[in-house]
Amino acid sequence: MPRPTAVHDSLVLEPRDVHFDWSELPLHWIPDEPMATHTINVLHLLLPEGERWFVQVFKDALPYITDEQLREEVLGFIGQEAIHAEAHQEVLDHLLGQGLDPRPYVRQVSWLFHRILGERPGLSATRRRESITERVAYVAAIEHFTAFLGNWALNSPGLDRAEAHPTMLDLLRWHGAEEVEHRSVAYDLMVHLDPGYWRRIRGMALSGPLLTHLWVRGVRFLLAADPTLDGRLRPTWRQAQQIARRGMLPEPARMVRSALRYLRPGYHPTQEGSSSQAIGYLATSPAARAAALHQAAPEHRESPGNG
């Protein structure tokens, strides 16, 4: 089956084994902005379980890939997503240490991904392939949103103006850059398995409303569970819009327009975001640079002339 685009024929996805020090992260890492902080913190609630589910779906899809370049991209995607899950899990552990227990919500998310959207045992070979293809379509739609959020994180001076904690900013921008970097992989895999337009529509029709629902519930949960707020702060769409105008959250209208672009017949994810900007940030990210130095250190020590 022909590739849907030649744009990423030279794409090599590198899993970067990053680590972050959360010991100095305050509970409200955007100072005096608990709602903005917790709206973004929903990422930490959703992503560990969600990205582990992505990894399993793509591992299940590997036997059906006949394009070797796409197969290599999928393997790189799996490596990156596994590290993303662990990085956000560390933030959840940090929140627990600060008196905010995320586990009740995370258990619900885990149940959704693994019991409702997980693999069903006992399917015939034909129905199993269909199930995997359908789940890949869900991942492709979700990856459209994560690429949108990644592009926003790379272009969000409002967070800098608000003096957001630099370690959290690096996590968001490192992760965002990798989402932009691999933004076409899930879509290309979906098209490889089923080039039909309606598969894409079904993926977005389920994933878009589901993500919106989970995000709203996540914000409500975090604000209610925050031990410093005592349930005094209740989120509203008006508050979210005001915070977005100040540059600390994405504009909801822009996200809706992005979802509509996904439905265009000629759409491809390479139309969203900038690969060069993403790679540029990854070259300067403190965590990504430290990971690269750590990975290169053994090679440097063992190279001739350095003994």
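Residues are classed as buried under 20% relative accessible area, as exposed over 50%, and as partly exposed in between. These terms apply to each of the legends below, and the model shown is predicted.

**Figure 1. Close-up of Glu130 and its salt-bridge partner Arg199.**
The closest N and O atoms of Glu130 and Arg199 are 2.9 Å apart. Because Glu130 belongs to helix α4 and Arg199 to helix α8, their pairing ties together parts that are 69 residues apart in sequence. Glu130 has a relative accessibility of 39%, and therefore counts as partly exposed. Arg199, in contrast, is buried, since its relative accessible area is 6%. Salt bridges with shared partners join these two residues to Glu134, Asp194 and Arg202, so that Glu130, Glu134, Asp194, Arg199 and Arg202 form one network.

**Figure 2. Close-up of the salt bridge between Arg16 and Glu181.**
Here the closest N and O atoms are 3.2 Å apart. Distant parts of the chain are linked by this pair: Arg16 is in the segment before α1, whereas Glu181 is in helix α6, and 165 residues separate them. Both partners fall below the cut-off for burial, which is under 20% relative accessible area. Arg16 is buried because its relative accessible area is 12%. Glu181 likewise counts as buried, at 6% relative accessibility. The structure as a whole holds 16 salt bridges.

**Figure 3. Close-up of the salt bridge between Arg103 and Asp101.**
The side chains of Arg103 and Asp101 meet at 2.9 Å, N to O. Arg103 has a relative accessibility of 45% and so counts as partly exposed. Asp101 is also partly exposed, with a relative accessibility of 28%.

**Figure 4. Close-up of Arg200, a buried residue without a salt bridge.**
Arg200 is found in helix α8. The nearest side chain of opposite charge is that of Glu272, which is 10.0 Å away. A salt bridge would require a side-chain nitrogen within 4 Å of a carboxyl oxygen. A polar atom of the Arg200 side chain does, however, lie 2.7 Å from the backbone oxygen of Tyr262.

**Figure 5. Close-up of Thr37 in helix α1.**
With a relative accessibility of 0%, Thr37 counts as buried. The view also includes Val219, whose C-alpha is 9.5 Å from the C-alpha of Thr37. In sequence, Thr37 and Val219 are 182 residues apart.

**Figure 6. Close-up of the largest pocket, which holds about 1000 Å³ of space.**
The lining of this pocket comprises 42 residues, and those closest to the pocket centre are Thr39, Leu149, Leu211, Trp215 and Met255. Two or more lining residues come from each of the helices α1 (34-61), α4 (125-154), α6 (166-181), α8 (197-225), α9 (237-245) and α10 (252-262). Helix α1 gives the most to the lining, with 9 residues. Divided by class, the lining has 28 nonpolar residues, 10 polar residues and 4 charged residues.

Technical notes. Residues are numbered from 1 along each chain as its sequence is written. This is a predicted model: local features need pLDDT of at least 70, side-chain atom pairs count only at pLDDT 80 or more; totals for chains, interfaces and linings use all residues. Side-chain values use heavy atoms; hydrogens and water are left out. On a 1 Å grid over the protein atoms alone, a cavity is a set of points where a 1.4 Å probe fits but cannot get out, and a pocket is an open set with protein on both sides within 12 Å along at least five of seven lines; lining residues have an atom within 4 Å of a point. Grid points are joined across faces, edges and corners, and a volume is the space filled by probe spheres set on the points. Helices (H or I, at least four residues) and strands (E, at least two) are DSSP runs, numbered from the N terminus. Ala, Val, Leu, Ile, Met, Phe, Trp, Tyr, Cys and Pro count as nonpolar, Asp, Glu, Lys and Arg as charged, and the others, Gly among them, as polar. Buried means under 20% relative accessible area, exposed over 50%, partly exposed in between (1.4 Å probe, protein chains only). Lys and Arg count as positive and Asp and Glu as negative; His and the chain ends are not counted. A polar contact is a pair of N or O atoms within 3.5 Å; within protein, one must be able to donate a hydrogen and the other to accept it, and residues adjacent in sequence count only if both atoms are side-chain atoms.
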